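I set out to record the aromatic contacts and the nonpolar core of this chain. The entries follow the order in which I looked things up.

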Amino acid sequence: MEFEIRTVRTVAQGRKELVREREEYFRLMDQGLTSYEACRIVGINYRAGKRWRNGRTPSGRTKGAPPAQRPVAPSLVRSVL
């Protein structure tokens with residue numbers, strides 16, 4: 001299945017709704033693209049990709065967050081089960 005950038009970008013999607021974008025971002029990063037190029041292709045802000053890759057450090061009232069979980073390839077899931 002080919003990845004397509006969302007056509008309706010004016011509605012806030014929230015972090016839980018960006019699963020397909022996150023999967024595609026990490027797939028492109030694994031192929032050797034830079035974070036900037038992967039973000040441009042997927043259609044996300046560069047800072048979002050940076051947060052997915054590095055996590056977030058606490059500052060002021062904001063809590064820190066670990067890096068996003070990379071999606072598990074379906075072939076790896078089947079071999080474990």
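**Aromatic rings and core**

I began with the ring contacts and found that Y25, F26 and W52 are linked into a cluster by ring pairs. I note that the model is predicted.

I then counted the aromatic pairs and obtained 3. For Y25 and W52, I computed ring centres 5.6 Å apart and planes at 70°; the angle is over 60, so I entered the pair as edge-to-face. I located Y25 in helix α1 and W52 in helix α3, 27 residues apart, and recorded that the pair links distant parts of the chain. I checked accessibility next: both Y25 and W52 are buried.

I turned to Y36 and Y46, whose ring centres lie 6.2 Å apart with planes at 55°, so I entered this pair as tilted. I placed Y36 in helix α2 and Y46 in helix α3, so the pair ties together parts 10 residues apart in sequence. I noted Y36 as exposed because its relative accessibility is 56%. I noted Y46 as partly exposed because its value is 39%.

Last, I looked up the largest nonpolar core. I listed 11 residues in it: L18, Y25, F26, L28, M29, A38, C39, V42, I44, A48 and W52. I asked which elements give two or more residues to this core. I found these to be α1 (19–30), α2 (35–42) and α3 (46–54). I recorded α1 as giving the most, with 4 residues. As a general remark, I added that nonpolar side chains tend to be buried together in soluble globular proteins.

Terms used:
Residues are numbered from 1 along each chain as its sequence is written. This is a predicted model: local features need pLDDT of at least 70, side-chain atom pairs count only at pLDDT 80 or more; totals for chains, interfaces and linings use all residues. Side-chain values use heavy atoms; hydrogens and water are left out. A nonpolar core is a set of buried Ala, Val, Leu, Ile, Met, Phe, Trp, Tyr and Cys residues joined through side-chain atoms within 4.5 Å. Buried means under 20% relative accessible area, exposed over 50%, partly exposed in between (1.4 Å probe, protein chains only). Rings of Phe, Tyr and Trp (its six-membered ring) pair if their centres lie within 6.5 Å; planes under 30 degrees apart count as stacked, over 60 as edge-to-face and the rest as tilted.
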